[in-house]
Amino acid sequence: MFFKRLGDLVIVAHFLWIVFILAGLPIVLRRPRLAWLHLASLGLALVINLAGWYCPLTYLENWLRSLHDPDLTYSGSFIVHWLEKIVYPALEERQLRLGALVWVACNAVGYGLWFRRRRRARA
């Protein structure tokens with residue numbers, strides 16, 4: 001039971017990480033010191049999706065669940081297993097990966113505008 005609960009905590013952490021990636025730019029606009037953490041998260045998401053890998057949290061969650069009951073594990077990514085069922089029921093994994101890449105690109109544009117505005121304000 002202990003490992004199942006740890007797996008559940010990893011799911012929560014994974015979900016919060018995804019929410020931070022999705023909503024990080026507005027948060028950074030209010031708390032600029034979080035910019036580097038958000039940029040690092042976006043960079044990791046970019047590398048993971050370009051390489052076709054799964055998030056390390058997916059592997060950790062599966063490993064913890066397998067210690068409790070191997071039938072609780074799943075193959076594939078966290079996004080495909082959980083969020084696809086809730087938000088994207090008809091999308092394939094490659095579409096989700098493309099969406100993640102587009103989101104990173106949109107954030108890159110947002111950060112570019114934010115940095116430019118900050119540079120102009122300092123000048």
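**Two helices and a nonpolar patch**

Colleague: Which helix does L67 lie in?

Modeller: Bear in mind that we're looking at a predicted model. The helix that holds L67 is α3.

Colleague: Is L67 buried, partly exposed or exposed?

Modeller: The relative accessible area of L67 comes out at 39%. Buried would need under 20% and exposed over 50%. L67 therefore counts as partly exposed.

Colleague: Which helix gives the largest share of the nonpolar patch?

Modeller: That surface patch covers about 510 Å² and is made by F2, F3, L60, W63 and L67. Helices α1 (2-30) and α3 (56-68) each put in at least two residues. The largest share, three residues, belongs to α3.

Colleague: Moving on to α5, how far apart are its end C-alpha atoms?

Modeller: Helix α5 runs over residues 93-122, so 30 residues at 1.5 Å a residue should span 44 Å. The model agrees with that, since the end C-alpha atoms are apart by 43 Å.

Colleague: Is N107 buried or exposed?

Modeller: N107 sits in helix α5. Its relative accessible area is 2%, and the cut-off for buried is under 20%. So N107 is buried.

Colleague: Which backbone oxygen lies 2.9 Å from a polar atom of the N107 side chain?

Modeller: A polar contact needs N or O atoms within 3.5 Å. At 2.9 Å from the side chain of N107, the partner is the backbone oxygen of W103.

Colleague: And what is N107 in contact with, leaving aside neighbours within four places in sequence?

Modeller: Contact here takes heavy atoms within 4.5 Å. With those sequence neighbours set aside, the residues touching N107 are I21, L25, H38 and L42.

How values were computed
Residues are numbered from 1 along each chain as its sequence is written. This is a predicted model: local features need pLDDT of at least 70, side-chain atom pairs count only at pLDDT 80 or more; totals for chains, interfaces and linings use all residues. Side-chain values use heavy atoms; hydrogens and water are left out. Patches are made of residues with over 30% relative accessible area and no salt bridge: like charges are joined within 9 Å, nonpolar side chains (Val, Leu, Ile, Met, Phe, Trp, Tyr) within 5 Å. Accessible areas come from the Shrake-Rupley method with a 1.4 Å probe; for residues, only the protein chains shown count as cover. A salt bridge is a side-chain nitrogen of Lys or Arg within 4 Å of a carboxyl oxygen of Asp or Glu. Helices (H or I, at least four residues) and strands (E, at least two) are DSSP runs, numbered from the N terminus. Buried means under 20% relative accessible area, exposed over 50%, partly exposed in between (1.4 Å probe, protein chains only). The expected span of a helix is 1.5 Å times one less than its number of residues. A polar contact is a pair of N or O atoms within 3.5 Å; within protein, one must be able to donate a hydrogen and the other to accept it, and residues adjacent in sequence count only if both atoms are side-chain atoms.
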